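Biologist: Before accepting the descriptive terms applied to a model, I should like to hear the reasoning behind each of them. Please present the structure, and we shall proceed term by term.

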Number of protein chains: 2
Amino acid sequence: LLTLILAETALETIPKKIHSHFSIRNYSKRKIKPLKRLLLERSIHHSAMQKLNNNKKRGRPDIAHMVLLQALNSPLNKEGYLKIYVHTNNDFVITVNPITRIPRNYNQFIGLMEQLFSIYRVPPEGEILLELERKTLQELLFEIKVDYVLLFSTEGKLKTIKEAICNIPPKSKPVIIIGGFPQGSFSKETLKLVDEIVCVDSKVLDALTITSRAIYEYEISIKLPEKRVLNS
Amino acid sequence: LLTLILAETALETIPKKIHSHFSIRNYSKRKIKPLKRLLLERSIHHSAMQKLNNNKKRGRPDIAHMVLLQALNSPLNKEGYLKIYVHTNNDFVITVNPITRIPRNYNQFIGLMEQLFSIYRVPPEGEILLELERKTLQELLFEIKVDYVLLFSTEGKLKTIKEAICNIPPKSKPVIIIGGFPQGSFSKETLKLVDEIVCVDSKVLDALTITSRAIYEYEISIKLPEKRVLNS
């Protein structure tokens with residue numbers, strides 16, 4: 001079983017600090033929803049976001065959307081070998097049920113996340129698919145009892161993704177941490193929690209690319225592609 | 001150089017046949033744009049789409065969006081070894097300049113595509129990034145003078161993606177064709193144009209997964225990951 005954590009993800013509701021900004025007030029009226037139930041989005045709230053600390057790392061729910069689509073649709077997940085968590089920049093954690101079908105349409109995904117941040121679970125009744133809790137990355141790692149944590153960052157040791165995945169100790173319960181933010185670095189607190197930091201390219205690779213390649217290399221390491229082709 | 005063609009892609013403006021549908025007329029009013037300049041989207045036009053032939057294969061611009069983001073941000077493209085075309089279900093072809101930065105936000109991407117289908121090029125002036133032309137897949141393949149065409153389909157011969165990419169004849173100018181539609185099969189006309197059809201999984205893999213893995217395996221076949229890590 002591989003655990004994938006998208007960490008410090010740029011996914012949050014519109015913070016109080018900018019609720020009084022005129023563009024934000026207009027947006028709330030247009031959406032007919034209270035501000036605390038609307039997601040922060042760089043593409044819409046760019047000017048108001050200038051007032052926020054660390055704003056370059058924030059307001060990009062599209063990153064979580066694409067990573068979740070990619071990871072949940074992978075053969076690794078379909079075989080039941082993948083567990084996914086989304087840790088956010090404000091220390092919330094979304095626990096993702098592997099059978100979840102994330103909406104492919106971006107606007108529907110935003111609606112779903114707004115529902116999740118409002119009632120902390122989706123769907124409102126029945127089997128939980130997405131659950132939101134206040135939790136730090138440290139608490140999450142402690143809770144899921146991992147024994148090897150690999151983090152991808154340009155500040156890490158140079159290795160190809162294949163080498164990084166092959167080096168995961170056999171029989172361990174590994175966790176892969178990928179940054180869910182558009183720019184900048186992981187916080188020092190996050191870097192302290194990991195066993196190994198690797199840098200897999202001469203340039204920054206986006207979260208989607210790292211996710212797809214890490215999952216694929218893990219599948220190769222357990223010979224899943226051959227098994228799936230043989231079982232056809 | 002690898003050429004990637006996303007074929008029979010579910011990307012088109014709202015067809016005339018449903019212009020008179022009340023939900024479509026309302027949509028046009030809300031968008032304050034004429035219908036022929038608006039994209040067909042399953043998530044919005046679902047009920048009107050029931051009247052269209054072959055409607056399960058249509059109205060999914062999100063597929064092209066994610067594939068373009070993934071492919072353009074790959075190290076293969078950054079190194080200048082990838083050429084991308086999008087062939088649509090209505091026989092248009094979008095030629096993608098490798099330096100194009102596709103908007104990550106879905107709604108901005110839709111706006112860009114609507115501009116492209118309206119004036120056939122983006123941006124309106126200066127170096128062309130995206131160009132739209134009436135062209136069949138056959139005409140495109142003839143024009144780009146390829147010598148090996150590999151197509152991914154569940155109807156093909158069983159192979160892993162690694163085997164399929166490794167079997168590309170050395171020194172050839174290969175083309176990989178991936179379906180840009182959500183359900184159904186390639187047309188017979190498309191299947192006639194290719195050298196090899198491969199099936200790489202026991203289930204249907206989505207276009208995003210196939211794209212990321214095929215590009216990554218091609219990078220591995222030319223030892224790009226090692227080179228990029230060494231050059232850091």
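**Terms and their grounds**

Modeller: The structure, which is a predicted model, holds zero disulfides over all chains.

Biologist: How do you know that A:C199 is not bonded to the closest cysteine sulfur?

Modeller: A disulfide requires two cysteine sulfur atoms within 2.5 Å. The sulfur closest to that of A:C199 belongs to A:C166 and lies 18 Å away, which is too far for a bond.

Biologist: What rules out a bond for B:C166?

Modeller: The same kind of comparison applies. For B:C166 the closest cysteine sulfur is in A:C166, at 16 Å, and therefore too far for a bond.

Biologist: Are A:C199 and B:C166 buried or exposed, and why?

Modeller: Buried means under 20% relative accessible area, and exposed means over 50%. A:C199 has 6% and so counts as buried, whereas B:C166 has 51% and is therefore exposed.

Biologist: What makes the two copies related as by a two-fold rotation axis?

Modeller: A turn of 180° with a shift of 0.0 Å along the axis lays chain A on chain B, with an RMSD of 0.0 Å. The two copies are therefore related as by a two-fold rotation axis. The same surface serves both copies, since 100% of the contact residues of chain A recur in chain B.

Biologist: Which residues touch the most other members of the largest nonpolar core?

Modeller: They are A:F152 and B:F152, in a core of 102 residues. Leaving aside residues up to four places away in sequence, B:F152 touches B:I161, B:I176, B:I177, B:I178, B:F186, B:V198, B:V200, B:I210 and B:A214. In soluble globular proteins, nonpolar side chains tend to be buried together.

Biologist: Why is the pair B:K57 and B:E8 called a salt bridge?

Modeller: The rule asks for a side-chain nitrogen of Lys or Arg within 4 Å of a carboxyl oxygen of Asp or Glu. In B:K57 and B:E8 the closest N and O atoms are 2.5 Å apart, and the pair forms a salt bridge. This pair links distant parts of the chain, 49 residues apart: B:K57 is in the loop between helix 2 (42–49) and helix 3 (61–72) of chain B, and B:E8 is in strand 1 (residues 2–9) of chain B. Both B:K57 and B:E8 are buried.

Biologist: How many salt bridges are there over all chains?

Modeller: By this rule there are 24 over all chains. In addition to pairs, a network of salt bridges links A:E79, A:R228 and B:D201.

Biologist: What makes B:E196 and B:K159 a pair that ties together parts of chain B?

Modeller: These two form a salt bridge, with their closest N and O atoms 2.7 Å apart. B:E196 lies in strand 8 (residues 196–199) and B:K159 in the loop between strand 6 (148–158) and helix 7 (161–166) of chain B, so the pair ties together parts that are 37 residues apart in sequence. B:E196 and B:K159 are both buried.

Biologist: Are B:E133 and B:K135 buried or partly exposed?

Modeller: Their salt bridge has closest N and O atoms 3.2 Å apart. With 29% relative accessibility, B:E133 falls between the limits of 20% and 50% and so counts as partly exposed. B:K135, at 7%, counts as buried.

Biologist: How does the reach of helix 5 of chain B stand against the expected value?

Modeller: Helix 5 (residues 106–119) of chain B has 14 residues and reaches 20 Å from its first C-alpha to its last, close to the 20 Å expected at 1.5 Å a residue. Its buried residues include B:Y106, B:F109, B:E114 and B:F117. Among the elements covering the buried residues of this helix are helix 5 (106–119) of chain A and helix 3 of chain B.

Biologist: Why is B:T88 called buried?

Modeller: B:T88, in strand 2 of chain B, has 0% relative accessibility and therefore counts as buried. B:T88 touches B:E8, B:T9, B:L11 and B:F117, not counting residues up to four places away in sequence.

Biologist: Why is B:T95 called buried?

Modeller: B:T95 is found in strand 3 (residues 92–96) of chain B. Its relative accessible area of 19% is under the 20% limit, so B:T95 is buried. Residues that B:T95 touches include B:K83, B:Y85, B:L129 and B:E133.

How values were computed. Residues numbered from 1 in each chain as written. Chains lettered and ligands numbered in written order. Predicted model: local features only at pLDDT ≥ 70, side-chain atom pairs only at ≥ 80, totals over all residues. Heavy atoms only, no water. Buried < 20%, exposed > 50% of the residue type's maximum accessible area, 1.4 Å probe, protein only. Least-squares fit on C-alpha atoms with pLDDT ≥ 70 in both. Contact = heavy atoms within 4.5 Å. Core = buried A, V, L, I, M, F, W, Y, C linked by side-chain atoms within 4.5 Å. Helix = DSSP H or I, 4+ residues; strand = E, 2+ residues; numbered from the N terminus. Expected span 1.5 Å × (residues − 1).
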